[in-house]
Amino acid sequence: LYNYSNKEIDVGNLYLTDDITILNKYKLPNIKISKKEYLLIYLSGNSNEKNNDIYANFKLSSGEHLILSDGKNIINKIKTIELPTDISYGKKEDSWYYFTTPTPGYENNTAFFSKLGA
């Protein structure tokens, strides 16, 4: 998650899910994201925190939706896609791109392109 705003945002009342019928599947921890900062959450199905990393209690497969909600209303969602090894998919400004090097928890600042296999 990225905080685009110029103020700190408390995400403790937000949820992640892969199921549109269960919008409160994983409650985000009571953490504040500083302005222009990232919060990395692993969606591996292992909800045990390791090394202060945050793990949701579900994992995603290609074709599923990742949904951010307030527990009752959808705030944002994205459909997952299958990616080649060492390629990431993320936002740069207001568009989605493929990036040549994953940068988990940091800005997508590596080389990027709009289509795979072009």
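**Exercise 1. The environment of N3**

Determine where N3 lies in this predicted model, whether N3 is buried or exposed, and which polar partners its side chain has.

Solution.
Step 1: N3 is placed in the segment that precedes strand β1 (9-10).
Step 2: The relative accessibility of N3 is 1%. Buried means under 20%, so N3 counts as buried.
Step 3: A polar contact joins the side chain of N3 to the side chain of S5, at 2.6 Å. A polar atom of the N3 side chain also lies 2.8 Å from the backbone oxygen of K7.
Step 4: When residues up to four places away in sequence are not counted, N3 touches E8, I9, I33, S34, K35, K36 and E37.

**Exercise 2. Aromatic pairs**

State how many aromatic pairs a search of the whole structure finds, and classify the pair formed by Y89 and W96.

Solution.
Step 1: The search yields eight aromatic pairs.
Step 2: A pair of aromatic rings is described by the distance of the centres and the angle of the planes.
Step 3: For Y89 and W96, the ring centres are 5.4 Å apart and the planes stand at 25°. Planes under 30 degrees apart count as stacked, and the pair of Y89 and W96 is therefore stacked.
Step 4: Y89 has a relative accessibility of 30% and so counts as partly exposed. W96, at 36%, likewise counts as partly exposed.

**Exercise 3. A second ring pair and the cluster**

Classify the pair of Y98 and F113, locate both residues in the strands, and name the residues of the cluster that ring pairs form.

Solution.
Step 1: The ring centres of Y98 and F113 are separated by 5.9 Å and their planes meet at 15°, so this pair is stacked.
Step 2: Y98 belongs to strand β10 (residues 95-99) and F113 to strand β11 (residues 112-113). The two residues are 15 residues apart, and their pair links distant parts of the chain.
Step 3: Y98 is buried, its relative accessible area being 13%, whereas F113 counts as partly exposed at 26% relative accessibility.
Step 4: Through ring pairs, Y89, W96, Y98 and F113 are linked into a cluster.

**Exercise 4. The largest pocket**

Give the volume of the largest pocket, the residues closest to its centre, and the composition of its lining by class.

Solution.
Step 1: The volume of the largest pocket is about 1900 Å³.
Step 2: The lining comprises 46 residues, of which L1, L66, Y89, G90 and W96 are the closest to the centre.
Step 3: The elements contributing two or more residues to this lining are β5 (41-42), β7 (65-69), β8 (74-79) and β9 (88-92).
Step 4: Sorted by class, the lining holds 29 nonpolar, eleven polar and six charged residues.
Step 5: Y89 and W96, listed among the residues closest to the pocket centre, are also the stacked pair of Exercise 2.

**Exercise 5. Positive phi values**

For D86 and E93, report phi, the loop in which each lies, and whether each is buried or exposed.

Solution.
Step 1: Most residues other than glycine have a negative phi.
Step 2: D86 is not a glycine, yet its phi is positive, at about 65°. E93 also has a positive phi, near 60°, and is a residue other than glycine.
Step 3: D86 is found in the loop between β8 and β9, and E93 in the loop between β9 and β10.
Step 4: Exposed means over 50% relative accessible area. With 56% relative accessibility, D86 therefore counts as exposed. E93, with a relative accessible area of 68%, is exposed.

Notes:
Residues numbered from 1 in each chain as written. Predicted model: local features only at pLDDT ≥ 70, side-chain atom pairs only at ≥ 80, totals over all residues. Heavy atoms only, no water. Phe/Tyr/Trp six-rings, centres within 6.5 Å; stacked < 30°, edge-to-face > 60°. Buried < 20%, exposed > 50% of the residue type's maximum accessible area, 1.4 Å probe, protein only. Helix = DSSP H or I, 4+ residues; strand = E, 2+ residues; numbered from the N terminus. Polar contact = N/O pair within 3.5 Å; in protein donor to acceptor, adjacent residues only side chain to side chain. Contact = heavy atoms within 4.5 Å. 1 Å grid on protein atoms, 1.4 Å probe; cavity = no way out; pocket = protein on both sides within 12 Å on 5 of 7 lines; lining within 4 Å. Points joined across faces, edges and corners; volume = space filled by probe spheres on them. Nonpolar A, V, L, I, M, F, W, Y, C, P; charged D, E, K, R; others polar.
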